[in-house]
Amino acid sequence: SLARAEFLLNLMFEMKDAGHSNIEPDSFTFLCVLACYDKAKMLDAAENLLHQMMDRHDAGHLKHPPKTIHYNVVLNMFAKSRDANATSRAENLIKTMSELHASGHESVKPDVISYTSLLKSYAQEGRSQD
């Protein structure tokens, strides 16, 4: 369940922060939590997790930065969403990915999946305006 996934992620953060260097969320951990957010249709929480991942990495509290695949999960959530701002949020997320890559974050770069998800957002937006 989502509550248990969030609890375990926070527990791993607390253990890492308390000095247990062998307990740290990794790429797969974050993908699992993002999958829970996707299933629960929790766009804001998923987007916030991306920011939290990058902030923790930049502060030296997380070894593994978010990768393109993490951003693509959120972009796909926008593509499936009925949120009125989903398309503009997806565009902003792709812009953020490009900026991160340009600033030296090699693990984040829009790819064909990123842009296809944005195209799906455009299609979804068109259907909602009909």
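In this predicted model, the largest nonpolar core takes in 29 residues, and the ones with the most contacts inside it are Tyr37, Leu49, Tyr71 and Phe78. Five helices feed into this core: α1, α2, α3, α4 and α5 each put in at least two residues. Helix α3 gives the largest share, with 7 residues. As a rule of thumb, nonpolar side chains in soluble globular proteins tend to be buried together.

Tyr37 is a handy way into the core. Setting aside residues up to four places away in sequence, Tyr37 touches Leu2, Glu6, Met42, Ala45, Ala46, Leu49 and Met77. Three of those names turn up again among the buried residues of α3, namely Ala45, Ala46 and Leu49. Leu49 is also listed with Tyr37 among the residues with the most contacts inside the core.

Helix α3 itself deserves a closer look. It runs over residues 43-58, 16 residues in total, and spans 23 Å from its first C-alpha to its last, close to the 22 Å expected at 1.5 Å a residue. Its buried residues are Leu43, Ala45, Ala46, Glu47, Leu49, Leu50, Met53, Met54 and Arg56. So what sits over them? The cover includes α1 (2-17), α2 (27-39), α4 (68-80) and α5 (86-102). Just past the end of α3, Gly60 adopts a positive phi of about 85°.

Helix α2 offers a smaller example of packing. Thr29 sits in this helix and is buried, at a relative accessible area of 16%. Beyond residues up to four places away in sequence, Thr29 touches Leu9 and Met12.

Now for the charged side chains. Side chains of opposite charge can pair when their charged atoms come close. The model holds 6 salt bridges. One of them pairs Lys80 with Asp38, with the closest N and O atoms 2.9 Å apart. Lys80 belongs to helix α4 and Asp38 to helix α2, so this pair ties together parts that are 42 residues apart in sequence. Both partners are partly exposed, Lys80 at 46% relative accessibility and Asp38 at 22%.

Arg89 is involved in two more of these pairings. With Asp44, Arg89 forms a salt bridge at 2.7 Å, N to O. That pair links distant parts of the chain, with Asp44 in helix α3 and Arg89 in helix α5, 45 residues apart. The side chain of Arg89 also meets Glu47 in a salt bridge, again given as 2.7 Å from N to O. Here too distant parts of the chain are linked, Arg89 in helix α5 and Glu47 in helix α3 being 42 residues apart. Salt bridges with shared partners join Asp44, Glu47, Asp83 and Arg89 into one network. As for solvent, Asp44 is partly exposed, with a relative accessible area of 49%. Arg89, on the other hand, is buried at 16%, and Glu47 also counts as buried at 16% relative accessibility.

Further along the chain, His105 falls in the loop between α5 and α6 (112-129). Is this loop residue buried or exposed? His105 counts as buried because its relative accessible area is 15%, below the 20% cut-off. Leaving out neighbours within four places in sequence, His105 contacts Met54, His57, Asp58 and Leu100. Met54 is one of the buried residues of α3. The C-alpha atoms of His105 and Pro65 are 8.3 Å apart, though 40 residues separate the two along the chain.

That leaves the cysteines. The disulfide count comes to 0. Why does Cys32 not form one? The closest cysteine sulfur to that of Cys32 belongs to Cys36 and lies 7.3 Å away, too far for a bond, given that a disulfide needs the two sulfur atoms within 2.5 Å. Viewed from Cys36, the closest cysteine sulfur is likewise that of Cys32, at 7.3 Å. Both residues count as partly exposed, Cys32 at 35% relative accessibility and Cys36 at 23%.

Definitions and conventions:
Residues are numbered from 1 along each chain as its sequence is written. This is a predicted model: local features need pLDDT of at least 70, side-chain atom pairs count only at pLDDT 80 or more; totals for chains, interfaces and linings use all residues. Side-chain values use heavy atoms; hydrogens and water are left out. Helices (H or I, at least four residues) and strands (E, at least two) are DSSP runs, numbered from the N terminus. The expected span of a helix is 1.5 Å times one less than its number of residues. Buried means under 20% relative accessible area, exposed over 50%, partly exposed in between (1.4 Å probe, protein chains only). Contact means heavy atoms within 4.5 Å. A salt bridge is a side-chain nitrogen of Lys or Arg within 4 Å of a carboxyl oxygen of Asp or Glu. A nonpolar core is a set of buried Ala, Val, Leu, Ile, Met, Phe, Trp, Tyr and Cys residues joined through side-chain atoms within 4.5 Å.
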